[in-house]
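Biologist: I have a new model open on my screen and would like to walk through it with you. Could you help me read it, one question at a time?

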Amino acid sequence: MSVMVDTRSVHKSVGSRAGEVTGVLGPSGSGTSTPLRTVNHPEKADRGEISVDGALLGYRRAGDRLYELPGREVLRQRTRIGFVFRNFGLFPHLTVLDNVVEAPGVRAEAAPEGGGGERAPAAGTVRARGRGRRLSAAVVRRAAAGGAPGPFRHRGRVALARPLAPEPKPLLFDEPTSALDPELVGEVLDVTRDLAARGTTMIVVTHEIASAREATDTVVSMADGRIVERGAPDEVLGAPREERTRAFLAKAL
């Protein structure tokens, strides 16, 4: 079985095989977002190691020792990991299309290997913008690609389109349906199902119990920075074994 995100001896960690959707639940402050930040590497794991699609993240191995990679190499590795931010993190002065094309992975593809901060050859930029246009049309259905991100509900669609532009291996969501209207929540779930069907691994931090029940393959319950329960959605959400999980669900439902 192919493993997309592999975590070994990492505190507060989540692993997923290719095409699996893992939901991470827990009360605020329980550490639910920390696994995302360690996989995406803005935060280093205190111990252990993380691999994405077979490649060690943030380090290279030489014999029995690990050596930290320079920042530029880590940045290149992170282009293979998509991240949907809780507050969207869009650039309000840019068009929808430019917000999508500004995704780090697209920029990295456009940059020459030798660095220097220069733009890619024209062909690379054209390919990146072509992908951005297709995503803008498919995912941001009611937002014109030439217009600003605009209303709050359209910003959610742009936030979904942007991490898909670099064609990431795993996709990380930090409470993607928080503060969204029911129609857009449904669209987020539709996109999640479609991506899973195409083999995209996803780790989703959410407080939406209905979303976790409907759109995940595995649910992880966290408390005090630790995983307290893990299993199929019907098991963890329908008949939780741990008191901490039951207490959270009683307040969340």
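Biologist: How many helices and strands does the secondary structure of the protein chain come to?
Modeller: Happy to help, and please keep in mind that this is a predicted model. The chain has 253 residues, 49% of them buried. Its secondary structure comes to 10 helices and 12 strands.

Biologist: In which order do the six strands of the open sheet lie?
Modeller: Start from the edges: β8 (82-84) and β12 (226-231) each pair on one side only. Neighbouring strands in this sheet are turned by 20 degrees against each other on average, ignoring direction. The pairing is mixed, and the order runs β8-β9-β10-β3-β11-β12.

Biologist: Which residue in β12 stands opposite Met222?
Modeller: Met222 falls within strand β11, residues 218-223. That strand pairs with β12 in the antiparallel sense, over five bridges. Across from Met222, the residue in β12 is Ile227.

Biologist: Helix α10 packs on the sheet, so what angle does its direction make with that of β12?
Modeller: Helix α10 covers residues 243-252. On the sheet it touches β3 (21-25), β11 and β12. Its direction and that of β12 make an angle of about 80 degrees.

Biologist: Which residue in the turn of the β4 and β5 hairpin has a positive phi?
Modeller: The two strands, β4 (residues 49-52) and β5 (residues 55-56), pair in the antiparallel sense over two bridges. Ser51 stands opposite Leu56 there. Two residues lie between the strands, and the one with a positive phi, about 55 degrees, is Asp53.

Biologist: Which element gives the largest share of the largest nonpolar core?
Modeller: Nonpolar side chains tend to be buried together in soluble globular proteins. Here the largest core has 20 residues, and Val100, Leu135, Leu171, Phe173, Leu195 and Met202 touch the most other members. Two or more residues each come from α3 (96-101), α6 (152-164), β9 (170-174), α7 and β10. The largest share, five residues, comes from α6.

Biologist: How many residues does the second, separate core have?
Modeller: Val24, Ile81, Ile203 and Val220 are among its members. This core is separate from the one just described, and its residues number 15.

Biologist: Is Thr200 buried or exposed?
Modeller: Thr200 sits in the loop between α7 (182-197) and β10 (201-205). Leaving aside residues up to four places away in sequence, Thr200 touches Gly19, Glu20, Lys169, Leu171 and Leu195. Its relative accessible area is 13%, and because the cut-off is under 20%, Thr200 counts as buried.

Biologist: What share of the contacts with a separation of 6 or more comes from residues 24 or more positions apart?
Modeller: This share tells you how much of the contact count joins distant parts of the sequence. For the protein chain, residues 24 or more positions apart account for 66%.

Biologist: And where in the protein chain is confidence lowest among the helices and strands?
Modeller: The mean pLDDT of the chain is 76, with 73% of residues reaching 70 or more. Two stretches call for care: pLDDT is below 50 over residues 11-15, and stays under 50 over residues 111-122. At the other end, helix α9 (residues 233-238) is highest, at 95. Confidence is lowest, at a mean of 53, in helix α4 (residues 104-110).

Methods. Residues are numbered from 1 along each chain as its sequence is written. Side-chain values use heavy atoms; hydrogens and water are left out. Two strands pair if DSSP finds at least two bridges between them. Helices (H or I, at least four residues) and strands (E, at least two) are DSSP runs, numbered from the N terminus. Axes are lines fitted to C-alpha atoms, for helices over the stretch in contact, and angles run from 0 to 180 degrees between N-to-C directions. Contact means heavy atoms within 4.5 Å. Buried means under 20% relative accessible area, exposed over 50%, partly exposed in between (1.4 Å probe, protein chains only). pLDDT is the predictor's confidence in each residue, from 0 to 100. A nonpolar core is a set of buried Ala, Val, Leu, Ile, Met, Phe, Trp, Tyr and Cys residues joined through side-chain atoms within 4.5 Å.
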